[in-house]
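Please look over the sequence and the structure shown below before reading on. The paragraphs that follow go from the whole chain to a few of its residues.

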Amino acid sequence: MEDFEVTPWKASGDINYEKLIKKFGVSPITDSMKQLIKDVFGEIPLEVRRGIFFSHRDLDKVLKDFKEGRKPYLYTGRGPSGPMHIGHALPLIFTRKLQEKFDTFVLLQFTSDEKFLYNPELGPEQVYNYTFDNIRDVLALGFDPDKTYVIEDFRHIKYLYQIAVSVAKRITYSIVRAVFGFTNETNIGMLFFASIQAAPAFLGYFMDDVYNCLIPAAIDQDPYWRVARDVAVKIKLPKPTQIHGKLLPGLKKDVKMSSSVPESAIYLSDDRKRVKKKLMNAFTGGQPTVELQRKKGGNPSICVVFDYYKFLFEEDDKALKERYERCRAGELLCGECKMDLVDRVSRFLENHQKTKASIKDKDIERVMIDNKIDLHSLVNEFKMLR
Ligand code: TYM
């Protein structure tokens, strides 16, 4: 039994990503892969440089194809179970950067159905409200509206259903039980849902001339892709490829930032006062007293506050390294380090909230898949599905 757990619905304990790489059968992003990324993009994005996006499946193939003029499309998503926190923003910000690099379209799936099925407390109206609030948050992160298609499962199921049924035909109960840990008590909607989340990993091929589907997401979503990759061969479509991120830790030790544990998370809607209260109580690698900190130095390697700088709030590698060293040397005290982070997080959130407030209903309508793609043309294409 491991002392940590990562599933699409739960993450706890001190996550050992090297063990996860082995357990999930994915490939680490090695130095030679980083070199390939540099060859193709001219730089290594911060998230890869710092090991925040740390593993993949077939990313080398995507990059080589791209180098030879064969584009991928991107696919990522959000399960609207509540307000979004800054951890959710992380893969989305990275996806937006990749959208610029690959100059391609992105499918953004909002799994209102998944959250309704999974959470007995959530009614359709609540899910619906969260969905639209979350769509606004995601658009505020800056996706190119001309190349962005939002799929909201309840509303747009007709774009997914035929693919999902073809996928479902190839997934048995014993597969989903083994991959997702489903039991006799799991409702049948959750069993079928695996094929709904797989569908956008194939939909892009019916929309445009693209060669791969690349999915940037945190590693917790990986079980879905394992199933989708197995099915791909059977439905004669390319296997979806992935680049996996680490989970931004929660503010308390060994707890993933989670919408369902409010004190663990900084929400995109938090104001400065809340941010300050949460960060001031965050778990750090500091010593119990100022004297000890000055004498022995802190431990940024286990510090949540340092992680936040590293994951999102310090772009400059040199400044990050300096912060690390000043902490180790006992020059930087936790209070100062936390206050600086409060300023940065609050500034980021204020800007985000302003942009979000400027997003009008018509901006949302503009990116909805049903306003961009004629279903009839797709249905014709779907005829090749088996
Ligand atoms: P959801 O809403 O749980 O998470 C949305 C995205 O955020 C990632 N994530 C995190 N990343 C960093 N730190 C964290 N603490 C953290 N918590 C969550 C998730 O990996 C995900 O990338 N079923 C999905 C919705 C979905 C989806 C997709 C996600 C549908 N299609 C395709 C990714 C790719 C869900 O509930 O995500």
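When charges are counted here, Lys and Arg are taken as positive and Asp and Glu as negative, while His and the chain ends are left out. With that convention, the chain carries 61 positive and 54 negative charges, and the mean positions of these two sets are 2 Å apart. The model is a predicted one, and this should be kept in mind throughout the reading.

How many helices and strands does the chain have? There are 19 helices and nine strands. The radius of gyration of the chain is 21 Å, which is close to the 21 Å that the globule rule gives for 386 residues, so the chain is as compact as a globular protein of that length. Measured out along its principal axes, the C-alpha trace spans about 70 × 45 × 45 Å. The interior can be described in a similar way, for 54% of the 386 residues of the chain count as buried. Where residues at least 6 apart in sequence are in contact, 79% of those contacts join residues at least 24 apart. Towards the outside, the chain exposes about 17,800 Å², and carbon and sulfur atoms supply 51% of that area.

The cysteines come next. A disulfide is a covalent bond between the sulfur atoms of two cysteines. The structure holds zero disulfides, and two cysteines help to show why. For Cys327, the closest cysteine sulfur is that of Cys334, and because the distance is 6.4 Å, the two are too far apart for a bond. For Cys334, in turn, the closest cysteine sulfur belongs to Cys303, at a distance of 6.1 Å, which is again too far for a bond. As for their surroundings, Cys327 has a relative accessibility of 15% and therefore counts as buried, whereas Cys334, at 24%, counts as partly exposed.

Two residues in loops deserve attention for their backbone angles. Most residues other than glycine have a negative phi. Asp58, however, has a positive phi near 60 degrees although this residue is not a glycine. Asp58 sits in the loop between strand S4, which covers residues 53–57, and helix H4, which covers residues 59–67, and with a relative accessibility of 27% Asp58 counts as partly exposed. Asp103 also has a positive phi, of about 50 degrees, without being a glycine. The loop that holds Asp103 runs between helix H5 (86–102) and strand S6 (106–110), and Asp103 is partly exposed, with a relative accessible area of 39%.

A charged residue can be followed in the same spirit. Is Lys115, a residue of helix H6 (residues 112–118), buried or exposed? A residue counts as buried when its relative accessible area is under 20%, and because the value for Lys115 is 13%, Lys115 is buried. Leaving aside residues up to four places away in sequence, Lys115 touches Trp9, Gly79, Pro80, Ser81 and Leu122.

From single residues the path leads to a whole helix. In helix H15 (residues 304–313), eight of the 10 residues are buried, so this helix is largely enclosed by the rest of the structure. The buried residues of H15 are Val304, Val305, Phe306, Asp307, Tyr308, Tyr309, Phe311 and Phe313. Which helices do the buried residues of H15 pack against? They pack against helix H3 (46–49), H5, helix H13 (272–280), helix H16 (317–328) and helix H17 (334–358).

One residue of H15, Phe311, can be examined on its own. Phe311 has a relative accessible area of 7% and is therefore buried. In sequence, Phe311 and Arg50 are 261 residues apart, yet in space their C-alpha atoms are 8.1 Å apart. If residues up to four places away in sequence are not counted, Phe311 touches Leu46, Ile52, Leu90, Lys246, Leu247, Leu248 and Pro249.

The last stop is His352, which is found in helix H17. At 4% relative accessibility, His352 counts as buried. His352 and Pro72 are 280 residues apart in sequence, and in space the distance from C-alpha to C-alpha is 29 Å. With residues up to four places away in sequence not counted, the residues that His352 touches are Asp137, Ala140, Leu141 and Leu268.

Conventions. Residues numbered from 1 in each chain as written. Predicted model: local features only at pLDDT ≥ 70, side-chain atom pairs only at ≥ 80, totals over all residues. Heavy atoms only, no water. Helix = DSSP H or I, 4+ residues; strand = E, 2+ residues; numbered from the N terminus. Rg over C-alpha atoms; globule rule 2.2 N^0.38 Å. Buried < 20%, exposed > 50% of the residue type's maximum accessible area, 1.4 Å probe, protein only. Contact = heavy atoms within 4.5 Å. Areas by Shrake-Rupley, 256 points an atom, 1.4 Å probe, with all protein chains shown as cover. Charge placed at Lys NZ, Arg CZ, Asp CG, Glu CD. Disulfide = S-S within 2.5 Å.
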